[in-house]
Every structure is written in structure tokens, then in C-alpha cells.
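Me: I'd like to learn how to read a model like this one feature by feature. Could you walk me through it?

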Amino acid sequence: MPNLTNKIALVTGGGRGIGAATVRKLAEAGATVVVNDLDAEEAEAVAASIPAGMAHVADLTDPTAADTLVAAAIDTYGGLDIVVNNAGYIWHSAIHNMTDEQWDAMLDIHASAQFRVLRAYGRWLRGNADQASPMRKVVNISSTMGLHGGPTQLAYAAGKAAVVGITRTLAKEWGRFNVSVNAVAFGAIETRLTSPYEKEPNISIVKGQPRKVGLSTQQLEQAKQASPLARLGTAEDAANAIYLMCIPESDWITGEVILASGGVRS
Ligand SMILES: NC(=O)c1ccc[n+]([C@@H]2O[C@H](COP(=O)([O-])OP(=O)(O)OC[C@H]3O[C@@H](n4cnc5c(N)ncnc54)[C@H](O)[C@@H]3O)[C@@H](O)[C@H]2O)c1
């Protein structure tokens with residue numbers, strides 16, 4: 001039975017992977033979904049695949065993009081009930097090879113972009129929500145890397161750790177607007193971010209630039225062995241965990257980091 005009917009949701013990075021699966025899951029439950037992505041073709045295809053919603057193509061590392069995105073959702077649908085801060089990518093490097101550009105890029109998309117989306121949302125909440133408002137939901141996407149770290153993921157791990165601080169702080173600030181704010185930290189999920197390679201990392205084109213992504217087949221095998229469930233997560237597994245934080249049954253959970261890692265705890 002759909003339980004998100006009449007809810008307006010925004011999913012950043014909704015054109016692929018976990019974001020796309022989340023858009024479909026929320027839409028299946030009855031939500032109208034604004035699908036943000038950097039890549040127009042992907043965002044538009046996902047938006048066209050759901051009963052109600054629209055694509056909003058924008059690069060969230062553009063400092064003006066978050067305000068425009070949140071305003072577009074609210075102006076089009078008259079409000080915003082669910083925000084899933086999912087857009088992100090990985091750019092591997094050991095610290096001795098890491099450039100300032102790499103460090104800044106990871107903090108920019110994982111910490112600053114979430115901050116700006118939430119700041120825009122917070123400004124709207126101040127004039128439009130109070131303790132008696134219907135429950136609203138924010139779900140910020142973190143990673144086991146942000147909790148436990150991992151080799152070659154210094155800047156990514158720092159960005160994903162920032163998500164935890166953002167989440168716990170806003171849970172305290174936004175209770176008065178009746179908004180729950182949680183993070184979901186994923187272990188390895190099968191998307192292009194973790195696509196398998198034998199010798200050299202795969203290349204993703206992000207903002208027109210080649211970025212090393214993926215996990216070696218050996219790393220993937222280790223990740224499977226580390227899970228009591230002996231497999232990697234699927235994008236649908238990940239979307240299901242996000243969905244749990246969006247439905248009324250999770251209303252009493254706020255300020256938490258939900259680990260969705262198939263039982264991997266390190
Ligand atoms: N796949 C995993 O194993 C895993 C594990 C932990 C956390 N995560 C996190 O989950 C989120 C989704 O990752 P995924 O695995 O689905 O990757 P993905 O590459 O399949 O999808 C990410 C989407 O975000 C979009 N995006 C990237 N930068 C953007 C920007 N500046 N503005 C707007 N959109 C942008 C991309 O275009 C892409 O469509 C990311 O935040 C990632 O860090 C993934």
C-alpha cells in the first residue's frame with residue numbers, strides 16, 4: 001500500500017545508481033519526485049519513468065544551484081516533504097598523490113553541496129513549518145568510509161564524515177519544524193562507483209573530466225567475504241534503506257546514522 005501519497009520528494013544525483021533506485025522506490029510509494037542530476041539524459045529518463053515528477057538538471061557544486069533546485073521543487077509543487085542528499089562520486093588517491101583539487105572536489109560535492117541544499121530548505125522551513133506541521137524527512141547519504149575510513153579514500157572519507165556532523169546538527173535544529181534528519185551509510189553497493197576492474201581503475205566522466213572509480217575484483221571479493229550475507233548490496237537494497245527513513249514508521253528516529261552494509265562493521 002503506498003504510504004507517501006501527496007508527498008513531494010527531491011533526490012539529488014537521481015539519474016543513476018542508488019539515486020535512480022530511490023526515485024523509483026519513492027514514486028512507487030506514491031511520492032511526486034524531483035530528480036536532480038548533473039547529467040541531463042539520465043535525469044530525464046528517470047523522471048520520465050515515474051508517474052509524477054520532473055527532472056532538474058544542475059551541477060550542485062555550482063554555488064547557485066541548490067537555491068534554484070529547492071525553489072524549483074517548491075514553486076512547482078507547493079512544498080517539499082522529503083529531501084534525499086545523494087549526489088556524489090569518488091576520486092581515489094593515496095594522500096601523497098592527492099592534489100588540492102581532489103581534496104576540494106570531494107569536500108565540495110559531499111559536504112558543501114549538501115550544506116547548500118539544506119540551507120535553502122531550512123530558509124523555506126522557517127517560514128512554512130513548525131512543530132505542528134506534518135512530519136518531513138531529510139536523508140543524507142554517507143558511507144562506511146566516513147565512519148571507518150579506507151585506503152585511497154582520504155578526501156571522500158572526510159566528506160562523508162562531514163555528512164554525519166551535518167545530520168546530527170540539523171536533527172537538533174529542525175525538530176522544531178517537525179523534520180527528522182538521518183544519514184544512511186552504505187557499504188559496497190553495485191553501481192558505477194564500485195564497478196569491477198582487473199588492473200587499472202575504471203574511468204567515470206564527471207563534469208566532463210575522467211575520474212578513477214571502481215574496485216578491483218580482489219577488493220570486491222574481499223567486500224563480499226566481509227559481509228555475513230556474502231554479497232554486495234544492490235541499488236535497490238540501498239534505496240530500500242533510504243525509503244525506511246522516509247516513511248511515517250520511522251518518524252521517531254532522528255539524528256541517526258543508519259548503517260546499510262550487509263552487516264559489515266569496519
Ligand atoms: N556505491 C557504493 O558502494 C556507495 C557506498 C557508500 C556511499 N555511496 C554514496 O551513494 C551516493 C550515490 O552513489 P552511486 O553509487 O549511486 O553512484 P553513481 O555514480 O551511480 O550515481 C551518482 C549520481 O550522482 C550524480 N552527481 C555527481 N556529482 C553531481 C553534482 N555535482 N551535481 C548533481 N549530480 C551529481 C552523478 O551524475 C550520478 O548520476 C554517493 O553519494 C556515494 O558516495 C555509494
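Reply: We'll take the ligand, the cavity, the backbone angles and a few single residues in turn. Keep in mind that this is a predicted model.

Me: Let's start with the ligand. How many residues surround it, and which are the closest?

Reply: The general idea is to look at the neighbours, then at the polar atoms. Here the ligand is surrounded by 31 residues, and D37, N86, Y156, T191 and R192 are the closest.

Me: Which side chain has an N or O atom 2.6 Å from an oxygen atom of the ligand?

Reply: That's D37. The side chain of R16 also has an N or O atom 2.9 Å from an oxygen atom of the ligand. With G187 the partner is a backbone N or O atom, and it lies 3.5 Å from a ligand oxygen.

Me: Next, cavities. How many of 30 Å³ or more are there?

Reply: The count is 1 cavity of 30 Å³ or more, and the largest cavity holds about 30 Å³ of space. To read a cavity, ask who lines it. The lining is made up of T12, L60, N85, N86, A87, I109, A113 and Q114.

Me: Which helix gives the most to that lining, and what's the chemistry like?

Reply: Helix α4, residues 100-128, gives the most, with 3 residues. By type, the lining has 4 nonpolar residues, 4 polar ones and no charged ones. N86 turns up twice, as part of this lining and among the residues closest to the ligand.

Me: What should I look for in backbone angles?

Reply: Look at the sign of phi. Most residues other than glycine have a negative phi. Two residues here go the other way: T152 has a positive phi near 65°, and N178 has a positive phi near 60°.

Me: Where do T152 and N178 sit?

Reply: T152 is in the loop between α5 (144-148) and α6 (154-174). N178 belongs to the loop between α6 and β6 (179-186).

Me: Are they buried or exposed?

Reply: The cut-off for buried is under 20% relative accessible area. N178 has 19%, so it counts as buried. T152 has 35%, so it is partly exposed.

Me: Can we do a helix residue? Where is G17, and what does it touch?

Reply: With a single residue, I go from place to exposure to contacts. G17 is in helix α1, residues 17-28. G17 is partly exposed because its relative accessible area is 31%. Leaving out residues up to four places away in sequence, G17 touches T191 and A235. T191 is also one of the residues closest to the ligand.

Me: And how do I compare sequence distance with space?

Reply: Put the two separations side by side. G17 and S195 are 178 residues apart along the chain, with 11 Å between their C-alpha atoms. For A223 and N128, the sequence separation is 95 residues and the C-alpha atoms are 44 Å apart.

Me: What else can you say about A223?

Reply: A223 is in helix α7, residues 217-226. A223 has a relative accessible area of 23%, so it is partly exposed. Apart from neighbours within four places in sequence, A223 is in contact with A188 and L232.

Me: One last residue: is S227 buried or exposed?

Reply: S227 is buried, because its relative accessible area is 5%. S227 is in the loop between α7 and α8 (235-244). Not counting residues up to four places away in sequence, S227 touches G262 and V264.

Technical notes: Residues are numbered from 1 along each chain as its sequence is written. This is a predicted model: local features need pLDDT of at least 70, side-chain atom pairs count only at pLDDT 80 or more; totals for chains, interfaces and linings use all residues. Side-chain values use heavy atoms; hydrogens and water are left out. On a 1 Å grid over the protein atoms alone, a cavity is a set of points where a 1.4 Å probe fits but cannot get out, and a pocket is an open set with protein on both sides within 12 Å along at least five of seven lines; lining residues have an atom within 4 Å of a point. Grid points are joined across faces, edges and corners, and a volume is the space filled by probe spheres set on the points. Helices (H or I, at least four residues) and strands (E, at least two) are DSSP runs, numbered from the N terminus. Ala, Val, Leu, Ile, Met, Phe, Trp, Tyr, Cys and Pro count as nonpolar, Asp, Glu, Lys and Arg as charged, and the others, Gly among them, as polar. Buried means under 20% relative accessible area, exposed over 50%, partly exposed in between (1.4 Å probe, protein chains only). Contact means heavy atoms within 4.5 Å. A residue is near a molecule or strand if one of its heavy atoms lies within 4 Å of it. A polar contact is a pair of N or O atoms within 3.5 Å; within protein, one must be able to donate a hydrogen and the other to accept it, and residues adjacent in sequence count only if both atoms are side-chain atoms.
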